[in-house]
Amino acid sequence: MKDVVVVGAGKIGVTIAQLLGNTGDYNVTVTDRSEDQLKALAGKKNITTKVVDIADASALEAVLAGKFAVLSAAPYQMTIRIADAAAKAGVHYLDLTEDVASTRHVKELAKTAKSAFIPQCGLAPGFISIVAYDLAKKFDKLESIGMRVGALPQFPTNSITYNLTWSTDGVINEYIEPCEAIVNGKLTLVPAMEEREEFSLEGVQYEAFNTSGGLGTLAETLEGKVRTLNYRTIRYPGHCDIFKTLLNDLGLRHRRDVFKDILETAVPGTQQDVIVIFVTVTGYKDGRLTQETYANKVYNQTQGDLEMTGIQVTTASAICAVVDMLADGSIPAQGFMKQEDIALDKFLANRFGKVYA
């Protein structure tokens, strides 16, 4: 059995711990600064809990000592601290962050690390990059790649057509921070919440707009190899305009704590969500301009006694698949690894990755 640590006992962290623990192949220690958060895991198979404040570097390093890997399910602001502790403890490091600056720091740590550092192991960034790169490799020459992902309520009833399905901090961050893209073959930054588009999938109308972090390292990998590459978040029509009003006209982009409080007070969560994944690649095959598309929807589901929302299923299963592949030797055990370096067929064949198939 592999001994792993999951940092963060929120919805995603709890799901990761239970998925790994239920296999019987992992002993999981879950840490959080809140004892109340950890109570949800009391008595769960192959799981122990420990109250640890991430701000206490020595305490975190002590928990990591001798472990196989640490999986960060903490807020993106804590990523760097956890990565630093992993480097000092010499354990494998995986995270779910969409934060670009944090990933740059992880990449620097990996240059001298004896263990593997694999950031952005969730849905987007994460699985979306694996899919896009797999499609891209089938072309002789690339023209454009569009990556679209949305975590949406199945039954929206409010004017913003949205329910809270994952980290509020993460949503706010991706709606505010600059977004990487490739434009005319060059890696550049474009503003969040702009370049809105509409499309239809299975008879449902959606909008999509720029958000930060979803590309992961793919823009760096494909710079100079594709004319256009971008990532946009999917929502129901009307959502973008309302949030631009809140962030820009009312100035809530400068008061994130206030905005977070408003959202978590006024916008309900839901267990009934749907994850929409839509990737389109255009380029040349045998001299002909060709387009290939990957489209998928993943819904909330139950595995044994574990009830999961769609975003829990996709995010937790993705990072579990990567640590599983690390454990069985399917991917390198040292240095920095990009998501697009993971083969799609191997990912989907994994016992956790199968939820995407």
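Start by selecting residues 168–176 and 256–266: these are helices H7 and H10, whose axes come within 10 Å and cross at roughly 125°. That angle is neither in the 65 to 115 degree range that counts as roughly perpendicular nor over 145, so H7 is oblique to H10. The crossing of this pair is right-handed. Keep in mind as you click around that this is a predicted model.

Now show side chains at the contact. On the H7 side, pick Thr168, Asp169, Ile172, Asn173 and Ile176; on the H10 side, pick Arg256, Phe259, Lys260, Leu263 and Glu264. Colour them by character and you'll get 4 nonpolar, 2 polar and 4 charged residues in the contact of H7 with H10.

Zoom out and select residues 122–346. UniProt, in an unreviewed entry, annotates this span as "domain: Saccharopine dehydrogenase-like C-terminal". Its end C-alpha atoms lie 16 Å apart, and the span is 30% helix and 34% strand.

Next, switch to residues 4–110, where the unreviewed UniProt entry puts "domain: Saccharopine dehydrogenase NADP binding". Here the chain is 44% helix and 22% strand, with 19 Å between the end C-alpha atoms.

Turn on the cartoon and look for the open sheet of 7 strands. Reading across, the order is S3-S2-S1-S4-S5-S6-S17, and the pairing is parallel. Which strands sit at the edges? They are S3 (47–51) and S17 (335–336), each of which pairs on one side only.

Stay at the S3 edge and add S2 (residues 26–32): S2 and S3 run parallel and are joined over 5 bridges. To see one residue pair, select Val28 and Ile47, since the two are simply bridge partners, with Ile47 lying in S3. Then bring in helix H1 (residues 11–23), which packs on the sheet and touches S1 (2–7), S2, S3 and S4 (69–72). The direction of H1 makes about 160° with that of S2.

Two backbone oddities round off the tour. As background, most residues other than glycine have a negative phi, and most peptide bonds are trans.

- Go to Ala124 and Pro125: the peptide bond between them is cis, with omega near 5°. Pro125 is in the loop between S6 (116–118) and H6 (127–136).
- Then centre on Glu195, which is not a glycine and yet has a positive phi of about 55°. You'll find Glu195 in the loop between S9 (186–190) and S10 (197–201).

Terms used
Residues numbered from 1 in each chain as written. Predicted model: local features only at pLDDT ≥ 70, side-chain atom pairs only at ≥ 80, totals over all residues. Heavy atoms only, no water. UniProt positions renumbered as here; feature names shortened; annotations may be inferred. Helix = DSSP H or I, 4+ residues; strand = E, 2+ residues; numbered from the N terminus. Axes fitted to C-alpha atoms, helices over the stretch in contact; angles between N-to-C directions. Parallel < 35°, antiparallel > 145°, perpendicular 65-115°, else oblique. Left-handed = near helix turned anticlockwise from the far one by under 90°. Contact = heavy atoms within 4.5 Å. Nonpolar A, V, L, I, M, F, W, Y, C, P; charged D, E, K, R; others polar. Pairing = 2+ DSSP bridges.
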